[in-house]
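Here are a few short exercises to work through with the model open beside you. Try each task before you read its solution.

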Amino acid sequence: MSLLFLFKRFEIWLLLAVVVGLLFVAFSPEEIDAEVVAVSETPVLLEKKLEVELPENNGTQTDEPEPTFAIKEVSVRPDGDGKVVEVTLSGRAQNGEEALVNEDTLRAMTGSGEPVSRFFEPFRKELTFHPEQVSLITTRWWLEKPTDSIWLEFQGQRVEAVLP
């Protein structure tokens, strides 16, 4: 008995047509209709120290405590209804122990005083400033309304991040 009798059945032809259609769809090139948005990355330098001789000190300079953190880079990219602000911070822990950087210790607010929420990152590791060396960390913030700058506050120190 030959296997040609299988091709007399309607179900076999239907099955072959479905398989050929699936193979065609799986291997056909897909055109993606994506909008390219330019990301502007402008580095912000806020670590300049101005040395001024005061007449009261007779030319000697007072020792200021070094800032806990400073802003290295700020980038903004539009995402849906708002913007994602990515801020790279450099800093060092002052008390000799690692300083944990999380939602409780690092806060952000706009120039008008509205709090800025963190951008949701479910698998983000804990960020810390090390006491022995300067550490670089990157935090992401979610802005719903447009603003010119955000203020970051960490361990009582505030720094302004001017948005590009």
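**Exercise 1. Find where L4 sits, and say whether L4 is buried or exposed.**

Solution. Start with the position: L4 belongs to the segment before α1. Next, look at the surface. The relative accessible area of L4 is 59%, and the cut-off for exposed is over 50%, so L4 counts as exposed. Now look at the company L4 keeps: together with F7, W13 and L16, L4 makes a nonpolar surface patch of about 440 Å².

**Exercise 2. Work out how far to trust the model, and which element has the lowest mean pLDDT.**

Solution. Keep in mind that this is a predicted model. Over the protein chain the pLDDT averages 79, and 77% of the residues score at least 70. Then go element by element: helix α1 (residues 10-27) has the highest mean, 91, while strand β1 (residues 40-43) has the lowest, 62. Where pLDDT is low, the predicted coordinates should not be read in detail.

**Exercise 3. List the elements of the protein chain in order from the N terminus.**

Solution. Count what there is to place: one helix and 10 strands. Walking along from the N terminus, you get α-β-β-β-β-β-β-β-β-β-β. As for burial, 24% of the 164 residues count as buried.

**Exercise 4. Describe the open sheet of three strands, and say which strands stand at its edges.**

Solution. Read off the order first: β5-β9-β10, with antiparallel pairing. The edges belong to β5 (106-110) and β10 (157-162); each has a single partner strand, so one side of each is left without a neighbour in the sheet. From one strand to the next, the twist averages 25°.

Now zoom in on β9 (residues 149-154) and β10, which pair over six bridges. Two of the partners to look up are these:

- W151 has E160 in β10 as its bridge partner.
- E153 has R158 in β10 as its bridge partner.

Finish at the turn. The hairpin of β9 and β10 has two residues between the strands, and Q155 takes a positive phi near 50° there.

**Exercise 5. Find the salt-bridge partner of E153, and say which parts of the chain the pair ties together.**

Solution. Search around E153 and you land on R107, with the closest N and O atoms 3.5 Å apart. E153 is in strand β9 and R107 in strand β5, so the pair ties together parts that are 46 residues apart in sequence. For accessibility, E153 is partly exposed at 23%, and R107 is partly exposed too, at 41%.

**Exercise 6. How many salt bridges are there, and which residues does the network join?**

Solution. The count comes to five salt bridges. One of them pairs R140 with E121, their closest N and O atoms being 2.6 Å apart. R140 is in strand β8 (residues 135-143), and E121 is in the loop between β6 (117-118) and β7 (127-129), so to speak a link between distant parts of the chain, 19 residues apart. Salt bridges with shared partners join E86, E121 and R140 into one network.

Check burial as well: R140 is buried, with a relative accessible area of 18%, whereas E121 is partly exposed at 26%.

For one more pair, try E11 and R9, where the closest N and O atoms are 3.2 Å apart. E11 is partly exposed at 45%, and R9 is partly exposed at 47%.

Notes:
Residues numbered from 1 in each chain as written. Predicted model: local features only at pLDDT ≥ 70, side-chain atom pairs only at ≥ 80, totals over all residues. Heavy atoms only, no water. pLDDT = per-residue confidence, 0-100. Helix = DSSP H or I, 4+ residues; strand = E, 2+ residues; numbered from the N terminus. Patch = residues over 30% accessible without salt bridge, like charges linked within 9 Å, V, L, I, M, F, W, Y side chains within 5 Å. Areas by Shrake-Rupley, 256 points an atom, 1.4 Å probe, with all protein chains shown as cover. Salt bridge = Lys/Arg side-chain N within 4 Å of Asp/Glu carboxyl O. Buried < 20%, exposed > 50% of the residue type's maximum accessible area, 1.4 Å probe, protein only. Pairing = 2+ DSSP bridges. Axes fitted to C-alpha atoms, helices over the stretch in contact; angles between N-to-C directions.
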